[in-house]
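User: I am new to this structure. Please take a close look at one part of it, the salt bridges, and walk me through them.

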Amino acid sequence: MKRHVKLLLLIGALAGGAILPRLSFGGADAHAIDQLVGSAKSRADHEALASHFEAEAQTLRAKADEHKKMAVTYGAASYGKGGSHALVQHCKNLVLKFEEAATENAELARLHREIAAELKE
């Protein structure tokens, strides 16, 4: 039983960092993104932000797909009393969260593309 608890804690810790992946922007960190969001004025700025959010959405969709596959694998495994069910449910919960985050990032990208299209330069 202790092994199952440790496994669940490890997966939770790993997934916690995966739900909100570290943002990057051409090697920059989340602080640089925040600064660009706050100072974006040109078409190029908004196009760059759109590209960033599209990449984030793609990364999050890949994570959702990864957890869909893991749910199937866990479902076929036998970890004792209720272990497999808990792991499958964990993956299903993450799939929903990753897909929601991907949708939100795609929407941010769409909005920045819309803003960029309205700007002359």
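Analyst: What follows is a walk through the salt bridges, then a short look at the cores.

This is a predicted model, where local features need pLDDT of at least 70, side-chain atom pairs count only at pLDDT 80 or more, and totals for chains, interfaces and linings use all residues. Residues are numbered from 1 along each chain as its sequence is written, and side-chain values use heavy atoms, leaving out hydrogens and water.

Side chains of opposite charge can pair when their charged atoms come close. A salt bridge here is a side-chain nitrogen of Lys or Arg within 4 Å of a carboxyl oxygen of Asp or Glu. The whole structure holds 7 salt bridges.

Start with R113. Its closest N and O atoms with E47 are 2.0 Å apart. This pair links distant parts of the chain: R113 lies in helix α4 and E47 in helix α3, 66 residues apart. Helices are DSSP runs (H or I, at least four residues), numbered from the N terminus.

R113 also forms a salt bridge with E54, at 2.7 Å between the closest N and O atoms. E54 sits in helix α3, 59 residues from R113.

R113 is partly exposed, at 27% relative accessible area. E47 is partly exposed at 28%, and E54 at 36%. Buried means under 20%, exposed over 50%, and partly exposed in between (1.4 Å probe, protein chains only).

Now R110 and E114. Their closest N and O atoms are 2.9 Å apart. They are 4 residues apart in helix α4, so about one helical turn separates them. Shared partners join E47, E54 and R113 into one network.

Last, the largest nonpolar core has 7 residues, including A57 and F98. Such a core is a set of buried Ala, Val, Leu, Ile, Met, Phe, Trp, Tyr and Cys residues joined through side-chain atoms within 4.5 Å. Helix α4 gives the largest share, 4 residues.

How values were computed. Helix = DSSP H or I, 4+ residues; strand = E, 2+ residues; numbered from the N terminus.
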